[in-house]
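Welcome! Please open your viewer, load the model and get ready to make a few selections.

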Amino acid sequence: MLLAFELSGEHNTLPQSEVIACLESLKADFEIHLALDGCLVIDLKNNAHHITGILSKRLSMTHHILGVLGIGGSAEEEIPELLNNSFADFEGTYSIRVRRIKEYSGINTESMEQRLGGIFYGKGYHADLKNPDVRFRVLLTEDKSIFGRLAASIDRSAFEARKPHYKPFFYPGVLMPRVARALVNIAKPEKCLFDPFCGTGGILVEAGLIGINVIGGDMQRKLLLGAKMNLDYYNTSYSLMYGDACRMALGDESVDAVVTDPPYGRSAAVKAESIEHLLTDSLQEIFRVLKRGKRAVFVSEREIEDIAQEAGFNVVESHLQRVHKSLTRRISVLEKR
Ligand SMILES: C[S@@+](CC[C@H](N)C(=O)[O-])C[C@H]1O[C@@H](n2cnc3c(N)ncnc32)[C@H](O)[C@@H]1O
């Protein structure tokens, strides 16, 4: 079955990577059918209903998941034709939304919705924009239009409600929950995820909420207490420890995923001889505690590819995230060979 993921425009590469990593960690049998800017179409061989249900609760950088009914060209006249050619009968009322992905199409979406509504009307169906039985969407991408039936929507408001300053304990310099969740998904945790620079526990909360046991470490006791307050508030299963990320009280190959956001160079929170020592030594330590074949997602201000490779990692993905004029985060996805 073809599924289309209507990706969030907040980042160019993370949303697609998040979907693929989630499918891989669910051991889904799938192939990428089309990787478009802002929309990923995959061919899922089985369990589509079950997998869509799980993904809709896990993903943070997708808006909607559609069961694809047809794919056509993006020219205005091709869209009614696509709908006619791929129309499948259904029960009850409907709504149809036409959405432009990024700025790819000059089509007036409202008048196209009315035009497509005319086709449904001609076939005897009634629209209900507020509470339809079936919701259809047409996505206008760079050179394709995708017609599909809504299978699931992601509740993005839940991520908004967990913004750092709404949590019981707040301290500045924290990743936003949507970014933290995407990084957790990209790390493909199975049972246990470790954050050696856990601060207030923002990453741990996002992993805990998808049912992963989390372990956090930090060298500021007040932040560990804050992490405890936040983790308790969201009912997560966790262990926290005071300790240096360069010498962790964990056995070799004992965790199956790491996601971490160490302090930046200028930060007073660097508890080490220098930021260079901290990055190099913590990467070696992460390599030691991570199981073979598993992933670490490491956020930094500077390039860490060379020291990650020296520690033994394969660098499988790199993403850049511009935070503001003077800060661009590098998100390195590392795999232990
Ligand atoms: C950017 S903050 C992490 C924020 C965190 N993701 C959160 O949700 O709050 C970096 C953290 O690294 C901690 N840190 C600095 N040096 C450390 C070290 N050597 N070992 C462990 N933690 C350290 C700081 O105390 C700080 O909490």
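This tour goes from the whole protein to its domains, then to the ligand and finally to one residue.

**Stop 1: the whole protein**

Keep in mind that you are looking at a predicted model. Show the cartoon and turn it around: the protein has ten helices and 14 strands. Now switch to the C-alpha trace, which spans about 70 × 40 × 40 Å along its principal axes. How does the radius of gyration fit a compact globule? For 337 residues, such a globule would be near 20 Å, and the protein has 22 Å, which agrees. Of these 337 residues, 41% count as buried. Contacts also reach across the chain: among those with a separation of 6 or more, 70% are between residues 24 or more positions apart.

**Stop 2: two domains**

Select residues 2-154 and give them one colour, then select 159-336 and pick another; the domain assignment calls these domain 1 and domain 2. Their centres, taken over C-alpha atoms, are separated by 33 Å. Where the two domains touch, 13 residues come from domain 1 and eleven residues from domain 2. Which element gives the most to the side of domain 1 that touches domain 2? Select residues 14-25 to see helix H1, which gives seven residues to that side. By class, this side of domain 1 has five nonpolar, five polar and three charged residues.

**Stop 3: around the ligand**

Next, centre the view on the ligand, which has 27 residues around it. Show Phe197, Gly199, Thr200, Gly202 and Lys271 as sticks, for these come nearest. Then colour helix H7 (202-208) and strand S9 (213-218), each of which supplies at least two residues of the shell. If you colour the shell by class, you will find 16 nonpolar, seven polar and four charged residues.

**Stop 4: Ala257**

For the last selection, pick residues 255-260, which form strand S11, and find Ala257 in it. Is Ala257 buried or exposed? Ala257 has 25 C-beta neighbours inside 10 Å, so it counts as buried. Leaving out residues up to four places away in sequence, Ala257 touches Ala187, Lys188, Pro189, Leu193, Lys294 and Arg295. Try a distance label between the C-alpha atoms of Ala257 and Pro189: the two residues are 68 residues apart along the chain, yet these atoms are separated by 5.0 Å.

Technical notes:
Residues numbered from 1 in each chain as written. Predicted model: local features only at pLDDT ≥ 70, side-chain atom pairs only at ≥ 80, totals over all residues. Domains from an automatic or database assignment. Contact = placed C-beta atoms within 7 Å. Helix = DSSP H or I, 4+ residues; strand = E, 2+ residues; numbered from the N terminus. Nonpolar A, V, L, I, M, F, W, Y, C, P; charged D, E, K, R; others polar. Near = placed C-beta within 6 Å. Rg over C-alpha atoms; globule rule 2.2 N^0.38 Å. Buried ≥ 20, exposed ≤ 12 C-beta atoms within 10 Å, placed from the backbone.
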